Every structure is written in C-alpha cells, then in structure tokens.
Amino acid sequence: MVPLPPVGYPTRWEADVVLRDGGTAHVRPIRPSDADLVAAFHSRQSEESRYLRFFAPMPRLSARDLERFTNVDHVDRVALVATVGEDIVGIARFDAAPPREGSPRSAEVAFNISDDHQGRGLGSVLLEHLAAAARERGIRRFTADVLPQNAKMIGVFREAGFEVRQGYSDGVLDVSFAIDPTERSVDVMRAREQRAEARSVQALLSPSSVVVVGASRTPGSVGHRLLADVVTGGFTGEVHAVNAEAEPGELLLGVPVLRSVRDLPGPVDLAVVAVPAAAVVATVADCASQGVRGLVVVSSGFAETGPEGLERQRELVRIARANGMRVVGPNSYGVVNTDPAVRLNASLYADTPPAGRFGLFSQSGALAVTVLSSAQRRGLGLSTFVSAGNRADVSGNDLMQFWLDHEGTAAVGLYLESVGNPRKFSRVARTLARKKPVVVVKSGASGFGVPPGHAVRASRAPFEAVDSMLRQAGVIRVENVHQLFDVAQVAVHQPLPQGPRVAIVGNSDALGTLAADACVSWGLQVVRGPSAVAPYAPVEAFTAALESAFADPGVDAVVASWVPPTPAPDPAVAAAVARTAAAGAKTTVTCFLGTRSLSAAVADATEGVPADAPVVPSYPTPEDAVRALAAVVRYAQWRRRDRGHPLAPRGVDLRAARALVERALAASPDGVELGPEDTAALLAAGGVDLLARAEVRGVEEAVAAAERLGWPVALKTVGEDLAGRQDLRGVRLGITNPVALAEAVADMRQVFGERADVLAVQHMAGLGVPCLVRSTEDPLFGPVVSFGVEGDPIDLMGDVAYRIPPLTDVDVADLVRSVKAAPKLFGHRGSPVMDVDALEDVVARVAVLADALPEVAELRLSPVLVAERGARVLGASVTLAPPQGRADPDRRTLPS
C-alpha cells in the first residue's frame, strides 16, 4: 500500500511524466517513509555515481543521513523523487540559503539519477519540477557545487536553456543560474515534451510484439474479434494470446494461447486488453511485471458507469504509469497503423482501412465505426487511427505530438467530444497546424455537457471561447464527420491554394451557378466563370476549358463539375480532369453527378494520368465541394501569415504585480475584490494607467473632487448593476461647473434613490469609442481574454471575442478586429479612425498580466475609451482568488 502523505505534504507537486524514451515515471515530494527506498537506491549506484554526488566514497548511507534526506519541511528544504514501479530512480533536492536584503533568494541544488535509468531524461524532468517548486517558495536562483568530471550534471543545467554561470575553486565547479522561465528554457522544455510524448505513442502504434489478453474462442465476441483482426490484418510482429481457460498447447487462429500474461516467454510491446472490467487492474499489474510498454484497453465498465468505475479507471492509470506504460482507453475501439512495415489492426473494425496519409483520432468509441466506415467508403487512406474511449491517459494532444514528425501523415483529423486541456491543445495544435492541416469536429455546441467517462474540469467559459481557441490555433473547425472527410480529401490530396481566387468550369449552367453562389457565401472570389461547355460537348472541349482556367495566373483554385448525359459517368472526362489538374498544379475539386462514390470517377481515371499525380476529390454537390475548398483556403491563408511575436510590452513589472497579489491574498486567503488603490497599483505594474476618479457622498464631496481632478467632469453611478448604465441615465458627461454638478447629483438621487448615495466623479476623457477588455481565470482554459465594443453590440448581440493566452501581437490584432462592431474603430461611415494601436497595447498588457497571475480571477477594464489619439481606462475592477492550478503548467506533466 502507498503510505498516506504526511501533514503539510504538497500533493500538487505530484505528477506523472513521460521520459525521453516514451516510458513514464512518477514525480513526488520525498516522504519520511522513503528511508528504505532511498537506502536501496543508494546501494544500487556505482562507486563513481556515489563519488560524483557526495565527493567522497560512501558505500552506504547512515541512519542519520537517511533521516536528514527524507525529513524535509517542503519550504526551505525540498526533495523530489522519481519512481518507476516501487523503486526510486532519481532524487533532486534544494536547500535554501538565508535571505539577503536586496538580493533574490537562492538555493543549493543537487541531483542523483539511477545508473540503470541514465539517458532517459530524468535529470531534466526533475530540474523542471524542482525549479517550479522553488519559484513557488520565492526562490529565484539555483547554485550547485559540481565535480569537473560530472559532465552529465553540468549538461543538464546548460541544456535546460538557463543562463549558467560557472566558476572554479578548490577543484570544484561553482555553478549558478536564474530559474525564472526564459523563452529559450520554455522552448527546450516543449521540444523535449514533444519528442517524449511522440515516442510514447510510437510505442503504441508500432510494436514489434502484441498480446491479446482475453482472446476468446467464440466467434463474434470482442476477444475473438480483436485477435482475428490482428492476425488477418497481417501484423508483421509476434502475436500472443491469453485466455484464463486455455488448454495446454491450445492454438487459437493459429496463435498459441497462454493462461496468463505472466506466462509470456519474454517482454511484449503492446497488450490489447479485453477482459471484464473487474479483472483489468490485475491484468495491468501482470503486464507491468512482464515489461509491457503500452496498453489498449477495450473493456468497458469504468468512469462511464459511475464513481466505482471512475475509481477503477484511476487505479488502472496509476499502475500503468507507475510502471512506464501509456494507456489507450478504457472503452476504446482500438488502434490501427497501416504502415506496411507494421500493418497493425488492433481494433474492432474487421476491415483494415486502406493505407494512406490521413491520421485520425476519435474520442468516441461508438462513433469510431462511423468514422472508419466513412474513410473506407470514400477511399480515403489512413496512416494511423486511435480511438481514445474514456481518454483516461492518451489524448488527442499526444497524437498531435506524434503526427508532427510522422512522415507518413500529411493531414490529421480529430473527433473531440471534450477538450481536457485546452491550453495545451491550443499550443500543440498551433505547432502542428503550421506544418500539416488539422481538421477538428468538436461536439458539444448544444451545451449538453461532457460525455460520461471523460475527466474534464468544469468550465465557465462560453462555447465561443472553444471556437476562438480553435481558430487561434489554426485548426480547421467543421460541424460533423461528413464535413471532416470532405475537407480531408482536399487537405490530403491537393496542394494548398495560393489564394481565394476561383475558376468554375463545367457542362451545366445550373451547377455552375450553384458553385458560384457557394463561393460567394463562403468568402471565395469567382474570378473566372462560371463557364459551361455544352451538355453534350466532347471531352476535348471540356479539357480545353479546363486548361484555359489552369493557365490563368489569376486563378488559385478550380471547381470542375460534370453532369453525364447518360447514367454512367464517362471515364474519359474523369481522366481529363485528373490529367489537367496534375499538369496545372492548382487546388482542384470536382462535382461528378451520378458517380458510384464521392471520389470513384476521378480516382479511377488512369488514362494519361501520371502515376504520382494527386488524387482529385469529387463531391455529390457543388456546395460540398466549395465548402471544403473554402476551409482549406482559410487554413492556407492562416499558415502564410506572420506568426507574430510573443507579447513583451515595455514597463511591465511582474514582480511588483505578483508581490501585490500575494500580499492581498495573504490578508484574504479565500479571495478578495481589490480596492481602488490596489487596483490602480496592479494595473500600473502592468503599465496600464487608470484615469483617477473619486467616490463621493453628497454635493460638497463631488465639487471638491471635481476641483481636484479638473473640470469638466463626468458623474457616474457605481455598483455592479448600475456602473456605466447610460441607458438608465447613470452617466452624466461634460459637467463644467459646481452648479451643474449639484443639479446632476440631485437628479441622480431622484432617479435612483438610495442606490445613488455613493457616486463617482471623474475627469472627462473626451470623445471616443468605449470598449470592454476583460480577463478571467477559467478552471479548464486558464486565462481567457475577451474584447468587445460597449453598448448595444455587447448588450444586444453578445458581440464579444475571446483568445487564450499566451498571445502574440498578431493574436491581439485579430482579437480586436474579430468583433462585428470593429468597423466603429476604423472610420465607419465617415467617423474618425481611432487609435487602435493604443487599444491593442492595453489588451496586450492585460493578456500578459492574466498569463502571469493565475490568482487574478477577473480583471475588467470598462470602459476603455479609444480616441483618435490614445486609449484611456476609465473604470477597472480586479478580483483575486486562490489559484486553481492550470492544466498546462510550467513543467512537463501528464493530466491527472
């Protein structure tokens, strides 16, 4: 049994991690009960490793040493261990130096990695986690004494991306480096994460040996189906089968059957588990004992069934990760890899999908059949397929990390019922989309919640935030599986369009008109056509019209349609399209009415077509063809755009901002709304000036405030329900003298009664467009920045746009321009053009504060008055709350 953690034990520092070779380990704070494990760890180390750690021969640790190493306060003395199975395989610790006034706090750091696990990246993982714990304790610098021959440890520090200083005295290297994340250290961490997670998926999809646990003699059963699909699919590696009731020497589908996983003759890469839910955890433990590297669990009866099943699922994942295994499922439909070198069909889909270059991920096991059937019906070949089921471990993020460098995959599709880590999804998807098209079906727009079995934090963000996150990441969002494959046919087989200019060629005026209308509807430009040859025109005439369109330098894409004069399509026409499209090298989509399948007419065209010519996708209607084309055009435009630069506005003092936040929460641990002075101070730390205002009671205080702030002034109601309500006469502008101010105060009291006991006086900021800039800390998304133009656009139309930090300058510009009311900022109907640069600067500073301070539950600037010159913040409120822990932290972890 795992001992209960001691009082004060920081459970938030526990995490499962993926290592360099794709295996997993568990990182946690050390415990007093670890003394025997630490002693065993030390005894397994070589003499050289002990000497490099302690600078002296130390064959064993004394009881006093063990007590000192394992009993820490988790504040000034912190130690983390990495475990695989029941063994400690790595130890990292720091001891804080006494604080010195005027200097950042530092701590001496030391590492010790098991000889048996050298080269797996444990040192870099432990450094990330130890640095994160140190920053949480206010420590900003690590120091270390390292023997010159300890090149591995020096390499861990340098390769982490920190600026390492190095000195030398008494035969020892003095190493020192700041541990605040830098752009380079974050890039290094993300690159290591990508490689490790990609390798963990590679182990699942390209095993050299597979065991089906729960293989059944009964045809049609799940266990029989799985074994049959692995065997008949032509898997190139070794196949094993396990059935608890196997007879000695029994064969099933030509495969020897064993009674237990523990009877396997040697290590196996992948176990496909199809036993009753109650037996899965024991099966996983057996797999761990045999060195299995990965699991595909098709068994149901886990989190989707309720609390008991959820606990069973957590135990499954805990045992698997503790022993170095990744898990697909449970409740999975299986995995497929069509690579001829692997040919793995470890799924419940009897027909192995045709080989191709489309990678596919489905959360839903039930929809996996639909997805695979659609791909096969369209002749769209797959490279790999994964059904995540309950997504207890392996997720779409993992698959995207794998597909990034997978040469056999040209485009990817994901069917998502929920997004467990949108912050990481956005980051990973954006990286992948810069290289390959990513097509996403995201269900849940109706708000009916997360499917049973999917572990997802509750979110307060509107569904529009999901859309914004997907657009920001550059993925192609579609509404259903039908559209997923429509777009995939273009993304996989055709070159990316260079622009939105379209030529429409066909033999039907009606189809041409429908195609042209669809182009206008989807934002494409019809620059040629719609032109139509006669319905009974010969192939040569149609070919000439196509060649003319392809030769036009002003055309980026061609929509070709054909209505066959007889029920059977003419292969010669299909060949003409394929041949001309291959020569023209422009994005081409077709609508061939009367074909037996969506792509058959063109795919079967071989006469005069180069063998390596791109497949030309065909659709049943011109609208489907144009919609798919438009989606790829938008993607290509996003991909060609400047990525922008990470936000780094001048004058931002995050240390001062953090100190203010920590001070406020120390006084109010459950959260607090900041008062006016602290609100202004926090914004000032972000470089945002808040226009001074005074809350007053009565005419005398109002006049005194106006004299102090300067005439003319504005008088406003305050409070959550009344602040800024011009529609309720809650704002009076342009007050130039005490008499007018006294009249305004009296009028407001008559209108609002006692709710006008407290009013606000503020210097007039001039004319401009009032805007809302807001950030909220969401349990699922982390920080969400929103923007809108105040008044009717927000109140009546909900015209608000969202983005997920960290942002670039391009993201900020997109955010401001993405609302429907944006033209009000750019001279709409002859109005002045406003200072959008100043507005974007305010948005950028809010985004930086939100990204750096998870304690800021809400930061609201309302209104931000954008004038012809400058943008002034007239009102602000800030609410702090204890941080909830972000799903994508500043260290590598697997989701819990």
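A salt bridge is taken here as a side-chain nitrogen of Lys or Arg lying within 4 Å of a carboxyl oxygen of Asp or Glu. By this criterion Glu159 forms a salt bridge with Arg192, the closest N and O atoms of the two being 3.9 Å apart, in what is a predicted model. The pair links distant parts of the chain, since Glu159 belongs to helix 5 (residues 151-159) and Arg192 to helix 6 (residues 183-205), at a separation of 33 residues. The two partners can also be described by their accessibility: Glu159 counts as partly exposed because its relative accessibility is 49%, whereas Arg192, at 13%, counts as buried.

In total, the structure holds 44 salt bridges. Helix 6 takes part in a further pair that links distant parts of the chain, in which Glu193 of this helix and Arg427 of helix 12 (residues 422-433) are 234 residues apart. The closest N and O atoms of Glu193 and Arg427 are 2.8 Å apart, and Glu193 counts as buried because its relative accessibility is 4%, with buried meaning under 20%. A salt bridge within one helix is provided by Arg225 and Asp229, whose closest N and O atoms are 2.8 Å apart. These two residues stand four places apart in helix 7 (residues 222-232), so they are separated by about one helical turn. Arg225 is partly exposed, with a relative accessibility of 31%, while Asp229, at 0%, is buried. Elsewhere, Asp16, Arg321, Arg326, Asp393 and Asp398 are joined into one network by salt bridges that share partners.

The nonpolar interior is considered next. In soluble globular proteins, nonpolar side chains tend to be buried together. The largest nonpolar core of the model comprises 105 residues, of which Phe358, Leu399, Phe425, Val438 and Phe485 touch the most other members. Helix 19 (residues 622-640) gives the most to this core, contributing ten residues. When residues up to four places away in sequence are not counted, Phe425 touches Asn397, Met400, Leu416, Val419, Arg430, Val440, Met469 and Leu470. Apart from the largest core lies another, of 43 residues, which includes Leu682, Val688, Ala801 and Val878.

Helix 19 also packs against other helices. Two packed helices are described by the angle between their axes and the distance between the axes. The axes of helix 14 (residues 481-493) and helix 19 come within 9 Å and cross at roughly 65 degrees, and this crossing is right-handed. On the side of helix 14 the contact is made by His482, Gln483, Asp486, Val487, Val490 and Ala491, and on the side of helix 19 by Asp624, Arg627, Ala628, Ala631 and Val632. Helix 15 (residues 509-521) packs on helix 19 at an angle of about 30 degrees, with the axes 9 Å apart, and the crossing of this pair is likewise right-handed. Here the contact involves Leu511, Leu514, Ala515, Ala518 and Cys519 of helix 15, together with Pro622, Glu623 and Val626 of helix 19. Tyr619 is placed in strand 27 (residues 618-619) and is buried, its relative accessible area being 1%. In sequence Tyr619 and Val520 are 99 residues apart, and in space their C-alpha atoms are separated by 19 Å.

Another part of the chain contains a sheet. Four strands form this open sheet in the order 29-32-30-31, with antiparallel pairing. Strand 29 (693-696) and strand 31 (731-735) stand at the edges and have a single partner strand each, so one side of each is left without a neighbour in the sheet. From one strand to the next, the twist averages 20 degrees. Strand 29 and strand 32 (residues 759-763) run antiparallel and are joined by four bridges, and Val696 stands opposite Leu759 of strand 32. Two helices lie across strands of the sheet: helix 22 (residues 699-709) lies across strand 29, strand 30 (713-717) and strand 32, running at about 170 degrees to strand 29, whereas helix 23 (residues 738-752) lies across strand 30, strand 31 and strand 32, running at about 15 degrees to strand 30.

Key. Residues numbered from 1 in each chain as written. Predicted model: local features only at pLDDT ≥ 70, side-chain atom pairs only at ≥ 80, totals over all residues. Heavy atoms only, no water. Pairing = 2+ DSSP bridges. Axes fitted to C-alpha atoms, helices over the stretch in contact; angles between N-to-C directions. Contact = heavy atoms within 4.5 Å. Buried < 20%, exposed > 50% of the residue type's maximum accessible area, 1.4 Å probe, protein only. Core = buried A, V, L, I, M, F, W, Y, C linked by side-chain atoms within 4.5 Å. Left-handed = near helix turned anticlockwise from the far one by under 90°.
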